[in-house]
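Work through the exercises below with the structure at hand. Each task is followed by its solution.

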Amino acid sequence: MDFVVLDTEGKPELSELAIVGSQGRVIYEGFSCDHSNNGSHLPNLKSLKTLLSEFLNIVEDKKIVCHYAEHDIKVLEYSFCKAGLKVPKMLFDCTYIRSKNHWLGLESYSLEYLSKYLNLQVNNRYFIPDMAHSARYDAKFTYYLYRKLMIDQLKEQPNPFSGSRVDTPFQNHPDYPDTYRKEFVTLESILKDIKLDSNRQSKGAVVIGEPGSGKTHLMMRLAQERLTSNRLLFIRQPNHPNSVLYHIYSRILESLVERVGTSTQLDYLIVNSFYKIAATFPNLTNKDQEILNALKDKNLDALGGEGTKRRREYWNHIEKRFHEWWVSYYSGGGFAPSILKGIVKYCSYIEPKYKNIVTRWLAGNILSTEEAETVDLPNWGEDLSQEAFSLEAISVLGKLSILDEPLIIIFDQLEGLGLPHNREILLNFGETIKEIFTHVPNSLIILNMFPERWEQFKTSFDNSIIGRVSQYQIYLQTPDQTELRAILKVKLQNLNVPLEQIFLSEDLEDVLEQKSIRAVLNRAGDYYNYRVRQIPLPAIRENVRKLDENEKLVVQLRVLQQQQQVLTEAFLNLMQEMQKPGTVDMIDLRKKLFPEVKSQEQQTEEYVIEYLTKQKASLEQQYFNTPFISDSDDIGKLKNIAEAFNHLIPIKLTLYRLGKKVLPEHIVVETDHKNYVMAFLQIPPNATSFTSRIGNFNELVCLHPQDRFGLFRDERLAEINGKVAQERVEQLKKSPNGKFVLFSKQDRIHLELIYKLIIDVQNKDLDVELAPALKVFITKPEWHHWLLTMFGFTKPKPTVQENLF
């Protein structure tokens, strides 16, 4: 609710009043010509009735803040009655009462005393008693007193500018819709063009912007506007050259099982598609009509309870109708009919455990015999080509979406693909995108890119790829300061506090001069902590040596200004402490007078630890979601981690071979003394390839007795029950240089955490250099993990983690 600050003079009748707006400026001042003490020389002299009428127009629907509001209320009530006006209902707030409740034990709570005690300033001047009892003067100091009270109350609230980064489009952050409005409309128009195209050809768009410009935020807005109609699929950087398509399809499945209201994206896709299929039937059966009636509110629960005969019959009929439609328009061969059946089967279940089983089946995983029978789906063969299967599955989704709305396929966080060690992945990614354009219709394919990385992609891919992905090129430019100010205000909406009530004009000047939206929000977060929590401002990250002479001077002056502000705060703290009754706590006073000034290295470390703490909590929360785990994905992550730690010490990676025998996905870390071999085996234990691969791994262990081997399997995956498989596992466990270990929750979270930090630094989502960020994992026992010991990093003390090598 907006507010004004009011001060009235006169007793019992109003002689003058002044109103200060929420921006801190006097917006009205008037004197009553009906008051005996007011001479004709005064400005804005009006009748009491006119004065009160104008006052009412200004304060309508606003909270009125006064100091000792009881006095102002009595003066106003008396004056309304004398002027022959009805006393209106008004909402008041009192800084006198608020101050008594907030600063306990002061000898006085008069405006003069509080202004001196708190060292409030108006126009850089302290309170002067001789100027008191002027409505304008008192209203201004009351405004700054109220501002101080409001800021102090914010200490218990979270910083509204922290967490400004949008990680995925499925998140919900405050959004200012006028930012990039034209670019957003362009994306919507492309979707419309795809839908109106009789061939439903897919189109490509590259969204190009500097780090922190809001590319993923724009995708979030697209999700918020379109998730009820379109399916939005979000894909991060692939990390293995031989499984780019499978990585993309796995991330697509993750997006499709995201909930939109009460159902998932996949549920909505089937419901909407069934309506369109029904329109093609020459004659609707009674069952068709019953299903359509039940689904009119897009509520799948209306088809009956889990396990009921009614629900089974309805969903069997839906499955039959989808199959008829598919074979009428497309081929009945290949994986497609089975994939379509699996999609319908997923939607037929209510219970998460059944949906999870079907989701794993849709990911191409071999189920146990019991699971396959439970969901009535045929198991995939062990010779299934994951890449070919994935392309056909994505194609099915594209063709199915023709009955719904165009798919929105977003590729984000691709910056790491430009690094030299990811060259093969980059080239395979380009070929994969071309395959998707060829085989997947009715899709808007978006690539979010930095400008320099887009230039690199253009030189790496041939014209057939570039021409498809860049049919539309959308550039995001940093908004002007008016728009940036509006974005800051949107962030503050939940606190219901004006921007100017927290920040001084010089604060906002610094904030709004930052070079990207994210930098603006981060700097606002710094100033919020400084003004509200008295946390010293972190060092300005800009490298002064890279600036011209004028820019250097501006930065240096700003540093001096900040140092002056810190010194002023110190003296204010001293004066306040000396005025408190009783003895002064000198230790506490010293902390207030001389707040710890942390080095750039300490600030970076704290920044990284804060990031890791938040990400760890998020990973823990998501841990028991349906896991999309593959050997290639885990080894790809491990390779990226090894390449990143090359910034600290040289790490040499290689692979072992065993003739034509297939080994588990692995890496070999070569050191001067011994080699460390880390492998993953996440395939179903009932597959014959599981026993053959672990047998081959055991043979490798015997051939290299000087090396240390670890074979890891995620603890959430199916238990190993087969006799031969168990024998192979026991053989590995008993070998002197090998281990078989279930990858625990702690292991998984540490792997994902290290990998995510690396990717976020590469994508400049985390505003630090890679080497100092990685040092946290090496120097801090609570963030160290045994994985790092195989790269040559000894664990710091104290730690209780077992070195599994």
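**Exercise 1.** In which sense do strand 1 (residues 3-9) and strand 5 pair, and over how many bridges?

Solution. The model is a predicted one. Strand 1 and strand 5 are parallel partners, joined over three bridges. For a residue-level check, take Val 5: its bridge partner in strand 5 is Val 65.

**Exercise 2.** Find the pairing of strand 5 with strand 6 (residues 91-94), and determine the hand of the crossover between them.

Solution. Strand 5 and strand 6 pair in the parallel sense over four bridges. Here Val 65 has Asp 93 of strand 6 as its bridge partner. Between these strands the chain runs through helix 2 (residues 69-82), giving a right-handed β-α-β crossover.

**Exercise 3.** Are the side chains of strand 5 (residues 63-66) buried or exposed, and which residues point one way?

Solution. Sort the residues by direction: Lys 63 and Val 65 point one way, while Ile 64 and Cys 66 point the other way. Then apply the cut-off for buried, under 20% relative accessible area. All four of these residues are buried.

**Exercise 4.** Describe the open sheet that contains strand 17, and place the helices that pack on it.

Solution. The sheet has five strands in the order 16-17-18-19-20, with mixed pairing. Its edges are strand 16 (652-654) and strand 20 (738-743), each pairing on one side only. Neighbouring strands are turned by 25° against each other on average, direction ignored. Helix 27 (residues 688-703) touches strand 18, strand 19 (708-714) and strand 20, and its direction makes about 160° with that of strand 19. Helix 29 (residues 745-762) also touches strand 18, strand 19 and strand 20, making about 85° with the direction of strand 20.

How values were computed:
Residues numbered from 1 in each chain as written. Predicted model: local features only at pLDDT ≥ 70, side-chain atom pairs only at ≥ 80, totals over all residues. Heavy atoms only, no water. Pairing = 2+ DSSP bridges. Helix = DSSP H or I, 4+ residues; strand = E, 2+ residues; numbered from the N terminus. Axes fitted to C-alpha atoms, helices over the stretch in contact; angles between N-to-C directions. Contact = heavy atoms within 4.5 Å. Buried < 20%, exposed > 50% of the residue type's maximum accessible area, 1.4 Å probe, protein only. Right-handed = clockwise from strand over helix to strand, strands pointing away.
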